[in-house]
Amino acid sequence: MLAQPYRLYVERSDAAQNMARFYVLSIETTLFGTPCLTRRWGRIGCGGQSMVHHFDQEEQAVSMFLELLRAKRARGYKTRPLAQPSVA
């Protein structure tokens, strides 16, 4: 069981470069009770891609969550309210 929910939605936009990207991170519990980190990314308005990482302990998932967050912020991603994905 997770101590607290972990969800984050960040965006990076630059009209001069025709760039509009999103990145979503969330930590959830699987049916077996183990934590998993799900990340989704792509162009804003599209479905994008996703990847799931499974862990034995919540601390490992949180560590990777924070590491990815630092990397994305270093590249210019800004926090936005969690958007509902649109299926195209």
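**Group meeting: a β-β-β-β-α-β protein**

Okay, so reading along the sequence, what you get here is β-β-β-β-α-β. That is one helix and five strands, where helices (H or I, at least four residues) and strands (E, at least two) are DSSP runs numbered from the N terminus. Quick housekeeping: this is a predicted model, so local features need pLDDT of at least 70 and side-chain atom pairs count only at pLDDT 80 or more, while totals for chains, interfaces and linings use all residues. Residues are numbered from 1 along each chain as its sequence is written, and side-chain values use heavy atoms, with hydrogens and water left out.

Overall numbers, then. Of the 88 residues, 35% count as buried; buried is under 20% relative accessible area, exposed is over 50%, and partly exposed is in between, with a 1.4 Å probe and protein chains only. The accessible surface is about 6100 Å², and 53% of that belongs to carbon and sulfur atoms; areas come from Shrake-Rupley with a 1.4 Å probe, and for residues only the protein chains shown count as cover.

Now the core. Which residues have the most contacts inside the largest nonpolar core? They are L8, Y23, L25, I27, L37 and F65, in a core of 14 residues. By nonpolar core I mean a set of buried Ala, Val, Leu, Ile, Met, Phe, Trp, Tyr and Cys residues joined through side-chain atoms within 4.5 Å. The elements giving two or more residues to this core are β1 (6–14), β2 and α1 (58–74), and the largest share, five residues, comes from α1. Take F65: leaving out residues up to four places away in sequence, F65 touches Y6, R7, L8, L25, S26, I27 and L37, with contact meaning heavy atoms within 4.5 Å.

On to Y23. Y23 counts as buried, at 5% relative accessibility. There are four aromatic pairs in the structure, meaning rings of Phe, Tyr and Trp (its six-membered ring) with centres within 6.5 Å; planes under 30 degrees apart are stacked, over 60 edge-to-face, and the rest tilted. Why is the pair of Y23 and W41 stacked? Their ring centres are 6.3 Å apart and the planes are at 25 degrees, so stacked is what we call the pair. That pair links distant parts of the chain, with Y23 in strand β2 (residues 19–29) and W41 in strand β3 (residues 35–43), 18 residues apart. W41 itself is partly exposed, at 24%. Add Y77 to Y23 and W41 and you have one aromatic cluster. And the charged end of K72 sits over the ring of Y23, 4.4 Å from its centre; for that, NZ of Lys or CZ of Arg has to be within 6 Å of the ring centre and within 35 degrees of the ring normal.

Back in strand β3, have a look at R39. Buried or exposed, that arginine? R39 counts as buried, at 14% relative accessibility. Setting aside neighbours within four places in sequence, R39 is in contact with Y23, V24, L25, Q49, S50, M51, H53 and L68. With H53, there is a side-chain polar contact of 3.1 Å: a pair of N or O atoms within 3.5 Å where, within protein, one must be able to donate a hydrogen and the other to accept it, and residues adjacent in sequence count only if both atoms are side-chain atoms.

Last stop, N18, in the loop between β1 and β2. Its phi is near 55 degrees, a positive value in a residue other than glycine, and N18 counts as exposed at 56% relative accessibility.
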